[in-house]
Amino acid sequence: SSGINAEYGVFKYELLVDRLFLQDVKLTAGNHEAYFVFEDLLIQILLCFSRDTQILNHFVHTTASPPRAYTRNASGEEIVGELEQTAVYPPNGIIPFHGFSMYLAPLCFIWSDPVILYNVFCKLYTRFFFRLHALSSHPQ
């Protein structure tokens, strides 16, 4: 659905992490006999996910912090110094890694509506999945 893509600005601008998500989907789910049929849906959901700043709220429950990038002024000089002069990048604070799309792929069997799938994936990621790649003393 183009509505979910438009809501998160997927068509407005391209992020560097878009290429990481695309490559991950192609190398993992895209090559898997059970998941390759969901390739377009996976890409759609993950590109929206990378732009969703609400995902940043899960960092409250972990010792990790979102990656930050320094901003540049109009002449291209890096502005170094205060935290206010940095921006969270990617917007959701999560750098994709090899196999990330496999968190989402099995859910495609259950939900075919991209909006429902996206909402379920976000809830599962912020509640459980982020713990699979974060160091913590949490019992889960």
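**View 1. E14 and R19 meet in a salt bridge.** E14 is exposed, because its relative accessible area is 53%. Its partner R19 is exposed too, because 55% of its relative area is accessible. The two side chains come to 3.2 Å, N to O. This is a predicted model. The structure holds 3 salt bridges, and the next two views show others.

**View 2. R51 joins D18 in a salt bridge.** The distance here is 2.7 Å, N to O. R51 belongs to helix 3, which covers residues 39-51, and D18 belongs to helix 2, so the contact ties together parts that lie 33 residues apart in sequence. Are these two residues buried or exposed? Both R51 and D18 are buried.

**View 3. K26 and E39 form a salt bridge.** Their side chains meet at 2.6 Å, N to O. K26 sits in helix 2 and E39 in helix 3, so this pair ties together parts 13 residues apart in sequence. The two partners have their own accessibility classes. K26 is partly exposed, because its relative accessible area is 45%. E39 counts as buried, because its value is 17% and the cut-off for buried is under 20%.

**View 4. The charged end of R51 sits over the ring of Y13.** How far is that charged end from the ring centre? The distance is 5.1 Å. R51 also appears in View 2, where its side chain meets that of D18. One arginine therefore takes part in a salt bridge and also places its charge over a ring.

**View 5. F21 and F100 make an edge-to-face aromatic pair.** A search of the whole structure finds 15 aromatic pairs. In this one, the ring centres are 5.6 Å apart and the planes meet at 65°. Which parts of the chain does the pair link? F21 is in helix 2, residues 16-27. F100 is in the loop between strand 2 (86-88) and helix 4 (101-104). The two residues are 79 residues apart, and the pair links distant parts of the chain. F21 counts as buried, because its relative accessibility is 2%. F100 is buried as well, because its relative accessibility is 0%.

**View 6. F121 and F129 form a tilted pair.** Their ring centres are 6.3 Å apart. The planes stand at 50°, so the pair counts as tilted. Both phenylalanines are buried.

**View 7. Ring pairs build a cluster.** Which residues belong to it? The members are F21, F49, F97, F100, Y103, F121, Y125 and F129. Look for F21 and F100, the edge-to-face pair from View 5. Look also for F121 and F129, the tilted pair from View 6.

**View 8. C48 and C122 are in no disulfide.** How many disulfides does the structure have? The count comes to 0. For C48, the nearest cysteine sulfur is that of C122, 9.0 Å away. For C122, the nearest is that of C48, again 9.0 Å away. A disulfide needs the sulfur atoms within 2.5 Å, so a distance of 9.0 Å does not qualify. C48 is buried, because its relative accessible area is 0%. C122 counts as buried too, because its relative accessibility is 9%.

Note on methods. Residues are numbered from 1 along each chain as its sequence is written. This is a predicted model: local features need pLDDT of at least 70, side-chain atom pairs count only at pLDDT 80 or more; totals for chains, interfaces and linings use all residues. Side-chain values use heavy atoms; hydrogens and water are left out. Rings of Phe, Tyr and Trp (its six-membered ring) pair if their centres lie within 6.5 Å; planes under 30 degrees apart count as stacked, over 60 as edge-to-face and the rest as tilted. Helices (H or I, at least four residues) and strands (E, at least two) are DSSP runs, numbered from the N terminus. Buried means under 20% relative accessible area, exposed over 50%, partly exposed in between (1.4 Å probe, protein chains only). A charge sits over a ring if NZ of Lys or CZ of Arg is within 6 Å of the ring centre and within 35 degrees of the ring normal. A salt bridge is a side-chain nitrogen of Lys or Arg within 4 Å of a carboxyl oxygen of Asp or Glu.
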